[in-house]
Amino acid sequence: MNVEIPPDVRDTAARLGAGVPYALKVLAGRLADDPDMGEPSGLPGILSVAVDGDMFEDCPDFSVGYVREPDRIQFRYLGLTKPTEPDPDTHEHDQDQGQDQDQDQPADTAAAAVTVREIADAWHRIVRRLQDKAPDSYAALRAGAEPAAVAALEGDLGIRIPLELHVLWLMTAGDDGVNGWGCLPGNRTLMPLDAVAATYRLNMDVQAHQDTLNANRPVDGRITFWKPTWIPVLSFGPADHSSGMYLDAATGFLGCWSRYNDDPGEELDTLVTYLEEAADMLEAPTLATRDKPGLIGGTLVWLSSVGPTRKDHWQPLNG
């Protein structure tokens, strides 16, 4: 059985501790012999296996999510695990909660598994291009979030995080950007989870104010700035949370928001199609239509974000 460890997973392992890459190799060897040793991760099509860091020098406890196919295994994400003490008083509650979650699982698990793989494949394609062509942008990507952090955010927002966004955050929990440039088209930045929560709360407060004003407006004059199902995903720069893109948990489509209400509207993109197109443009820059990828030094900079003073430094990305 062939076990594949993508470059971004290897890089995450190196960031977590000096002993993690070696532990990852040992795990790969064990999985080659016993490909079904993992347990269901809660994400369709993804198995998870935990590694006891005490077995290796300078290695924390961590877990790996992987896909098992007939002739290969591919690691999808890697994250730290935190030991938790079980509370006997909440055991019954946890059982009830688990039953509720089982009822909420997607009915079409095969389709959900496809979504997981599409998101992972598109993101891996983007990351490989950054690693090869734009090392500064690659270095600005954060490691994947812990599953507990995504669950905590879900509780904070009070809505279920869509599967595709959950998978993306397990692979990377945000983009710190380089000189104000994120790595996605338009130099948009994948927002860190704390920024997602803060922006969501702020925008909900803005809508609450609008709702108060809407009470005295005619029906056709009422303003909807934000909906509870909108989850902020991308901002137009690492330090800019006044505008960006959201994922509508109700429809599955992306949309734009602006605090100045100058760029509203739904995009005819899902998160899958958005990331796949970004990967396509990076792999075949001459065929890119929405935006043109290029470099300023070791940073990926999309042409739409290049001002007049920077154009002499910008070089188109080679295929």
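In the predicted model, strand β11 (residues 293–296) pairs with strand β13 (residues 315–316) in the antiparallel sense, over two bridges, and within this pairing the bridge partner that β13 offers to Gly 294 is Pro 316. Strand β11 is also joined to strand β12 (residues 299–302), again with an antiparallel run, here through four bridges, and in that pairing Leu 295 stands opposite Leu 300 of β12. The hairpin formed by β11 and β12 has two residues between the strands, and Gly 297 takes a positive phi near 65 degrees there. In a regular strand the side chains alternate between the two faces of the sheet. For β11 both faces are covered, with Pro 293 and Leu 295 buried on one side and Gly 294 and Ile 296 buried on the other.

A separate set of strands forms an open sheet of five members, arranged in the order β1-β5-β4-β3-β2 and with mixed pairing. Strands β1 (2–4) and β2 (39–40) stand at the edges of this sheet, and because each has a single partner strand, one side of each is left without a neighbour in the sheet. Within the same order, β4 and strand β5 (residues 72–80) pair in the antiparallel sense over seven bridges, and Val 64 finds its bridge partner in β5 at Leu 78.

Positive phi values also occur in residues other than glycine. Most residues other than glycine have a negative phi. Asp 58, which lies in the loop between β3 (47–51) and β4 (62–68), departs from this with a phi near 50 degrees. Asn 187, placed in the loop between α7 (163–171) and β6 (189–190), likewise has a positive phi, near 55 degrees. Asn 187 has a relative accessible area of 2% and is therefore buried.

The nonpolar interior is described by its cores. In soluble globular proteins, nonpolar side chains tend to be buried together. The largest nonpolar core in this model comprises 64 residues, and those with the most contacts inside it are Trp 123, Ile 126, Trp 169, Leu 184 and Leu 275. Helix α4 (residues 109–133) gives the most to this core, contributing nine residues. For Ile 126, when its neighbours within four places in sequence are left aside, the residues in contact are Leu 184, Leu 275, Ala 278, Ala 279 and Leu 282. Apart from this core lies another, of 21 residues, which includes Val 3, Val 9, Val 64 and Leu 78; Val 64 and Leu 78 are thus found again here, having already been identified as bridge partners.

A further buried position is found in helix α8 (residues 193–214), which contains Thr 199. The relative accessibility of Thr 199 is 4%, so this residue counts as buried. Not counting residues up to four places away in sequence, Thr 199 touches Met 191, Pro 232, His 241 and Trp 257.

Empty space within the model was also examined. Rolling a probe the size of a water molecule over the atoms shows where empty space is left. The count comes to three cavities of 30 Å³ or more, and the largest cavity has a volume of about 100 Å³. This largest cavity is lined by 13 residues, of which Asp 8, Thr 12, Leu 141, Arg 142 and Met 171 are the closest to its centre. Helices α1 (7–16) and α4 each supply at least two residues of the lining of the largest cavity, and the largest share, four residues, comes from α1. By class, the lining of the largest cavity consists of six nonpolar, three polar and four charged residues.

Among the pockets, the second largest holds about 170 Å³ of space. The lining of the second largest pocket is made up of 12 residues, and the closest to its centre are Pro 185, Gly 186, Arg 188, Arg 290 and Asp 291. Helix α9 (residues 271–283) provides the largest share of the lining of this second largest pocket, with four residues. The lining residues of the second largest pocket divide into five nonpolar, two polar and five charged.

Technical notes
Residues are numbered from 1 along each chain as its sequence is written. This is a predicted model: local features need pLDDT of at least 70, side-chain atom pairs count only at pLDDT 80 or more; totals for chains, interfaces and linings use all residues. Side-chain values use heavy atoms; hydrogens and water are left out. Buried means under 20% relative accessible area, exposed over 50%, partly exposed in between (1.4 Å probe, protein chains only). Contact means heavy atoms within 4.5 Å. Two strands pair if DSSP finds at least two bridges between them. A nonpolar core is a set of buried Ala, Val, Leu, Ile, Met, Phe, Trp, Tyr and Cys residues joined through side-chain atoms within 4.5 Å. On a 1 Å grid over the protein atoms alone, a cavity is a set of points where a 1.4 Å probe fits but cannot get out, and a pocket is an open set with protein on both sides within 12 Å along at least five of seven lines; lining residues have an atom within 4 Å of a point. Grid points are joined across faces, edges and corners, and a volume is the space filled by probe spheres set on the points. Ala, Val, Leu, Ile, Met, Phe, Trp, Tyr, Cys and Pro count as nonpolar, Asp, Glu, Lys and Arg as charged, and the others, Gly among them, as polar.
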